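Subject: Two-chain model for you to look at

Hi,

Here is the structure I promised to send over. Have a look at it first, and my notes follow underneath.

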Amino acid sequence: MPSARGEQGAVAGAGSREYAARMAEPRPDRSGLRRLAVQVGPALWEIPPTAKPGMRVPARIFATPALFQQMDDGVFDQVTNVAMLPGIVTAAFCMPDGHWGYGFPIGGLAAMDPDTGVISPGGIGFDINCGMRLVRTNLTYADIRDRVHDLIDALYKRVPAGVGARGFLKLSDREFHAVARHGARWCVDHGYGWPEDLECTEERGAIAAADPDHVSPRAMERGRQQVGTLGSGNHYLEIQVVHPENVYDRDAAAAMGLTIPEQVVIMFHCGSRGFGHQIASDYIQSFLPLMESKFHIRLPDRDLACAPFTSKEGQAYFAAMQCAINMSFANRQMILHRVREVFSDVLGRSARDLGLEMVYDVCHNTAKLEEHEVGGRRRRLLVHRKGATRAFAPGMPDIPAAYRAIGQPVIIGGSMETGSYLLRGVATGRDAFFTTAHGSGRTMSRHAAKRQFHGKQLEKDLALRGIYVRTVSYAGLAEEAGAAYKDIDAVVAATAQAGLSQPVVRFVPVGNVKG
Amino acid sequence: MPYRLLDDAPTADVGFVASGDTLDACFQAAADATLDVMLGNRDALQPRERRTITVASESVDLALLKFLEELIFYKDAESLFLRVTLVRVDQRDEQWCVDAVAEGEPVDPARHLLAGDVKAVTLHRLGVRHTDAGWEATVVLDI
């Protein structure tokens, strides 16, 4: 199990006494909802459906008492609003890294009956299929210690990041339609990847029912030049190391190809860029005027704009949203292609020879049709996960054969300072539709972080701790300071305590490209 | 500056309150705030490209949302940072109509201080109000 505070993770800010004091301070309870929550398990809280008029099911929050107290007041308001959505099954959930978003909290989970329930873009997020990809190497830290700067500098040049960045692919409308339909498979078919990459990608890199006919020309125009770009905000590309003391489950680690002491891995976090953002915006605005007049749905927050899943409008959004899922898989596939080129160029060996193989690619902003057991019977459900990761248990279908015995790999990215985790899905996750956390979860607003931290100083502090950072934006770097996030070790420990997932390996960053 | 950043916006997002004597000035301030979230040195922006913006909505807050979305659209579709130089907001045929001119240039990391990549204008707390001092708009951007 991870320690309460990773020794490699201690940082200015994140490891300081001030940080610990701030973390321990309970947040205000302006809505009064927090005090209505009852602790029903070591890391589970429940707000009854009587807490607010209109709630159809309870709200359940996975968190240790410490994480629960740190959650924003907005989380409680939003998760109880989600409990009002038509067709919601069992409960509205929030993961241990949950924080205040719009509509759903980030870390939100809601499963809908597809026949009677709704689909809500606010339950998926603007960055559709934002996700994580993890790539192993057969290198050790000693092999690259003197080349980390060269590798990060080259990655910074070759993987476009930041505002307005364009990818190296110049796609015609027709080609971009094909990307939207076929996702990462399009990339592999065109020489930008290896067939086995698809086996290790959720949905094998292409979700089936994507239909570009339901995507607006504006969305196409926004996303067409952005395949292979990192973006900005909390998106990053990192070189990380597995220290032997940070392997918590040797068998699972071995199944995922992590067997070498001080093994080097590459992890990156990004989504569907302007394409997904525009699809979400388009459909939220198209649902709004129909909510009451056509669908007869009244909700307390416009950010929960939704449509019945079986309606023409709901089906159109589902088809368009799946195009963004595919674009995002393609985006991460193109970045992997660049990573392989860079490592090969800098180290003078082929990507195959360096063992640059995918461990897994997970989504954390989607709605998908899945089968789950509810009240003793199998049901098909539309599972919304917004800042929440699917975590299928051992033996479940849709897990690559290599991982079926250990459970689905789950990648939880931390801040650029504090490290990240690889976990696996477990059978006890069934109560949460096999879902777990997605990151460490912000605890400080971007505005507050920018006032408190300075990008250039942070860059120097990180260099002193052996983490080399290249960024297109020092302001953006300050916003992503480790102390702006919850303690990732505590979040991962909470997912284990709650029976959502089990940690396999903790990674420590040595180099970071920040968008 | 005719806008102030919100201290209590959702943790992963950026919010602001823009104000102006007139609705036109309020929309102008909101456009400046949106640009400043993406670009750290607005004064470095040169007016090499010009785009006209025309949007309309039944409600004034959604008209503002659509107007700001145009700046985000051009940032992604054409890699353009645009500064609104002229904006006029009118009520016509039960619609709030925004006609604006925006000028700017392609994103240039060598001269532009890149900041946040705005994904979308959210509906969260979105509002435009008439106040004693003029007009005030609250906007939260997803970053």
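**Sheet in chain A**

Strands β1(A) and β2(A), the latter covering residues 44-47 of chain A, pair in the antiparallel sense over 3 bridges. If you want a place to click, go to Gln39(A): its bridge partner in β2(A) is Trp45(A). Bear in mind throughout that this is a predicted model.

That pair belongs to an open sheet of 7 strands in chain A, ordered β1-β2-β3-β4-β5-β13-β12. Pairing in this sheet is mixed. At the edges you'll find β1 (38-41) and β12 (365-374) of chain A, each of which pairs on one side only. On average, neighbouring strands here are turned by 30° against each other, direction ignored.

**Sheet and helices in chain B**

Chain B has an open sheet built from 3 strands in the order β3-β5-β4, and its pairing is antiparallel. The edge strands are β3 (49-57) and β4 (80-92) of chain B, with each pairing on one side only. From one strand to the next, the twist averages 15°.

Between β3(B) and β5(B) (residues 95-106) there are 9 bridges, in the antiparallel sense. One to look up is Thr52(B), whose bridge partner in β5(B) is Val101(B).

Two helices are worth turning on in your viewer. Helix α1 of chain B (residues 23-38) lies across β4 and β5 of chain B and runs at about 155° to β4(B). Helix α2 of chain B (residues 60-77) packs on the sheet as well, touching β3, β4 and β5 of chain B. The direction of α2(B) makes about 150° with that of β3(B).

**Where the chains meet**

So how big is the area buried between chain A and chain B? It comes to about 3,400 Å², with carbon and sulfur atoms giving 52% of it. On the chain A side, Trp100(A), Val163(A) and Arg302(A) together supply 21% of the area that chain A buries against chain B, more than any other three residues. In residue terms, the contact takes 38 from chain A and 41 from chain B.

The rule finds 6 salt bridges across this interface. One salt bridge joins Lys119(B) to Asp127(A), and their closest N and O atoms are 3.8 Å apart. There are also 18 residue pairs in polar contact between the chains, counting residues at pLDDT 80 or more.

Which elements of chain A give two or more residues to the side that touches chain B? They are β4 (88-102), α8 (217-223), α10 (273-287) and α13 (446-452) of chain A. The largest share, 6 residues, comes from α10(A). Sorted by class, that side of chain A has 8 nonpolar, 18 polar and 12 charged residues.

Note that β4(A) turns up twice in all this: it sits between β3 and β5 in the sheet order of chain A, and it gives residues to the side that touches chain B.

Cheers

Terms used: Residues are numbered from 1 along each chain as its sequence is written. Chains are lettered from A and ligands numbered from 1 in the order in which they are written. This is a predicted model: local features need pLDDT of at least 70, side-chain atom pairs count only at pLDDT 80 or more; totals for chains, interfaces and linings use all residues. Side-chain values use heavy atoms; hydrogens and water are left out. Contact means heavy atoms within 4.5 Å. Buried area is the accessible area (1.4 Å probe) that two parts lose on being put together, summed over both. A salt bridge is a side-chain nitrogen of Lys or Arg within 4 Å of a carboxyl oxygen of Asp or Glu. A polar contact is a pair of N or O atoms within 3.5 Å; within protein, one must be able to donate a hydrogen and the other to accept it, and residues adjacent in sequence count only if both atoms are side-chain atoms. Helices (H or I, at least four residues) and strands (E, at least two) are DSSP runs, numbered from the N terminus. Ala, Val, Leu, Ile, Met, Phe, Trp, Tyr, Cys and Pro count as nonpolar, Asp, Glu, Lys and Arg as charged, and the others, Gly among them, as polar. Two strands pair if DSSP finds at least two bridges between them. Axes are lines fitted to C-alpha atoms, for helices over the stretch in contact, and angles run from 0 to 180 degrees between N-to-C directions.
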